[in-house]
Amino acid sequence: ARTLRGDGTPTDDGTLRCPVCRSAAMVDPAMGSGAVPCPVCRAADLREQIPAAARGHCPGCRSGVPEPVQATQLVPGMLLRCPACRVGAVVQYARPGNLLLPDIWAQCDSCGADFDYHLQGDRLTLAELPNGPGQLDPTLLNTTLTRGEWQRRAGRAALLYLCPQCATEIDVHPDDGSGRTLEWVAMDGRLDRVPAPYRGRRCTPLELDKAAAGLAADDGTHACPRCRAQFDEVSRDYLALLVAPRDPHGVVARFGHQAHATAFWRAVAAGKRDPAAAGLICPVCTAELAQAPDGSYRLAAYDPARDPYGVGANYAGTGGGRGTRLASDDWRRIAAGQPPTAEAQQLREEADREFWLALCGGEVSLVDSATYPDPLGETEAVIVALDVRRYRRNWVSYRDVDTGTLWITTRRLRYRGERGDVDIPLAAIRGWATERWDGGTAKEQDVVTIRGVDADKQVAFGIPPAAQRIGTTVDGLPLQVRLDADRFVALCKALQEQRT
């Protein structure tokens with residue numbers, strides 16, 4: 001009775017109180033919203049260091065928004081970007097030639113590198129480097145290469161982003177699989193105005209966004225103000241942990257430089273052992289309920305030091321019947337100190353069986369002895385009283401004789417009716433007969449026929465369905481048995497055996 005009653009009432013507001021510590025509602029970190037708690041220190045929320053509105057700004061002036069443009073659109077007639085200075089446009093021009101035919105050359109409009117342009121074969125010979133070789137190998141002077149080869153040596157892309165405010169140039173290179181597809185080449189036509197960490201290096205758009213926001217390359221788009229852990233938002237709602245000066249929970253060792261959805265990091269911050277698994281966690285004792293596809297839950301983890309009711313020891317694991325998946329309502333029952341539905345049903349059935357055995361042993365009285373019509377004998381106790389009909393049997397049916405009360409005591413059957421009384425000592429009963437009779441006024445009643453010492457003298461009692469349910473309450477637990485004809489006989493026989 002105490003187990004079934006439990007310590008409280010299961011919640012019905014949609015929440016699920018922790019079945020282990022019973023002191024807080026379980027939460028699903030994946031369903032959280034707002035700022036992301038820091039999964040490293042778990043003591044503060046991550047702060048966004050690059051607002052969404054600041055993405056895509058110029059890393060040079062930090063205010064302009066570079067626009068895409070084709071390199072060929074920068075200077076009319078441009079053959080290629082200069083392989084020496086990388087920023088100038090090599091444009092063809094004509095020198096006087098023999099037989100009044102012009103000699104076609106090409107020159108950089110920035111550093112003056114001069115090329116003899118051979119239209120046949122689309123080839124150029126590097127003839128002069130008046131301002132030095134720049135980033136070219138000086139031995140290439142007087143070398144003839146195709147225009148495409150000189151363009152390759154320039155290392156410039158066909159598509160670039162150009163800032164309308166500071167003329168910052170950012171080349172867009174074909175993706176080589178590493179994701180580093182941008183190069184901050186120049187600012188206002190000068191290579192040396194690009195910060196040294198970015199010079200001649202392929203970058204991700206995110207790295208240039210950091211430069212535009214005034215952050216260092218190893219800073220994150222998100223950071224914890226408490227422990228200074230750094231995270232990069234590599235795509236929408238996906239964060240990668242870069243570094244953490246302190247790592248009290250070993251998060252960097254497990255998940256460093258891995259990109260995960262914010263729901264995953266919320267689960268880590270909540271203390272979930274397996275952040276990728278669906279389920280709930282207690283914010284107080286860290287007990288976890290793993291969710292199955294059918295919506296049921298299993299106690300997947302708990303802290304033995306915070307298991308005051310022994311629920312973790314009883315329901316976690318896989319052996320000995322543990323680890324059973326239960327519906328959320330059953331976990332609510334456990335959180336209220338009650339057993340799961342199936343276990344409760346088993347306990348009720350066991351209690352009813354014990355109640356029946358107690359009746360048969362004469363240990364339980366369901367009647368106030370003051371209502372018994374006669375003085376009780378020594379050690380005699382009244383077990384139960386039933387509203388019955390008394391019948392007399394003829395050849396084909398029963399005849400209704402009387403209506404009254406039948407008491408069963410530990411010694412006898414005592415009937416008192418409107419038309420007379422009957423007293424049958426249990427020791428004098430020599431036979432029983434039961435049947436279901438649905439004729440006459442006794443329609444659908446269980447009838448018990450009792451034969452005494454004289455087999456010719458019989459008495460029959462009909463037990464209506466309403467009288468067959470008998471029970472009591474023990475410590476708040478209702479107990480009940482159905483006393484049909486067969487059970488009536490079984491009870492009387494057990495009481496007989498008790499007497500002998």
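**Note on the predicted model: helices, sheets and cores**

1. Helix 10, which covers residues 485-499, has 15 residues and reaches 21 Å from its first C-alpha to its last, close to the 21 Å expected at 1.5 Å a residue (the expected span being 1.5 Å times one less than the number of residues). Helices here are DSSP runs of H or I with at least four residues, strands are runs of E with at least two, and both are numbered from the N terminus. This is a predicted model, in which local features need pLDDT of at least 70 and side-chain atom pairs count only at pLDDT 80 or more, while totals for chains, interfaces and linings use all residues. Residues are numbered from 1 along each chain as its sequence is written, and side-chain values use heavy atoms, with hydrogens and water left out.

2. Which residues of helix 10 are buried? They are Ala485, Phe488, Val489, Leu491, Cys492, Ala494, Leu495 and Gln496, where buried means under 20% relative accessible area, exposed means over 50%, and partly exposed lies in between, with a 1.4 Å probe and protein chains only. An α-helix has 3.6 residues a turn, so residues three or four places apart point the same way.

3. Phe488 of helix 10 also belongs with Leu359, Leu413 and Ile450 as the residues with the most contacts inside the largest nonpolar core, which has 40 residues (a nonpolar core is a set of buried Ala, Val, Leu, Ile, Met, Phe, Trp, Tyr and Cys residues joined through side-chain atoms within 4.5 Å). Leaving aside neighbours within four places in sequence, Phe488 is in contact (heavy atoms within 4.5 Å) with Leu386, Leu406, Ile408, Leu413, Trp432, Val448, Ile463 and Leu483. A second core, separate from that one, has 23 residues and includes Cys108, Phe115, Val185 and Ala186.

4. Leu413, named above for its contacts in the core, stands opposite Ile424 in strand 23. Strand 22 (residues 412-417) and strand 23 (residues 420-425) run antiparallel and are joined by 6 bridges, two strands being paired if DSSP finds at least two bridges between them. The connection from strand 22 to strand 23 is a hairpin through 2 residues.

5. One open sheet of 5 strands has the order 1-13-14-15-16, with antiparallel pairing; its edge strands, each pairing on one side only, are strand 1 (47-48) and strand 16 (259-261). Packed on this sheet is helix 5 (residues 262-270), which touches strand 14 (230-235), strand 15 (238-243) and strand 16, and whose direction makes about 90° with that of strand 16 (axes are lines fitted to C-alpha atoms, for helices over the stretch in contact, and angles run from 0 to 180 degrees between N-to-C directions). Strand 1 is joined by 2 bridges to strand 13 (residues 222-223), and Arg47 stands opposite Ala223 there.

6. His222 also has its place in strand 13, and it counts as buried because its relative accessibility is 11%. Its side chain makes a polar contact of 2.9 Å with the side chain of Thr221 (a polar contact is a pair of N or O atoms within 3.5 Å; within protein, one must be able to donate a hydrogen and the other to accept it, and residues adjacent in sequence count only if both atoms are side-chain atoms). Beyond its neighbours within four places in sequence, the contacts of His222 include Leu46, Arg47, Glu48 and Gln49, as well as Phe231 and Leu239.

7. Another open sheet of 5 strands, likewise with antiparallel pairing, has the order 2-9-10-11-12, and its edge strands are strand 2 (67-70) and strand 12 (202-203). Asp171 lies in strand 10 (residues 169-172) and is buried, with a relative accessible area of 0%. A polar atom of the Asp171 side chain lies 3.0 Å from the backbone nitrogen of Ala157, and among the residues that Asp171 touches are Gly155, Arg156, Thr181, Leu182 and Val185.

8. Where does Arg399 have its place? It is in strand 21 (residues 398-409), partly exposed at a relative accessible area of 46%, and, leaving aside neighbours within four places in sequence, in contact with Arg390, Tyr391 and Arg392.

9. Helix 7 (residues 328-335) is mostly covered, with 6 of its 8 residues buried. The cover over those buried residues includes strand 18 (288-291), strand 19 (297-301), helix 6 (311-315) and helix 8 (341-360). Just after helix 7, Gly337 takes a positive phi of about 80°.
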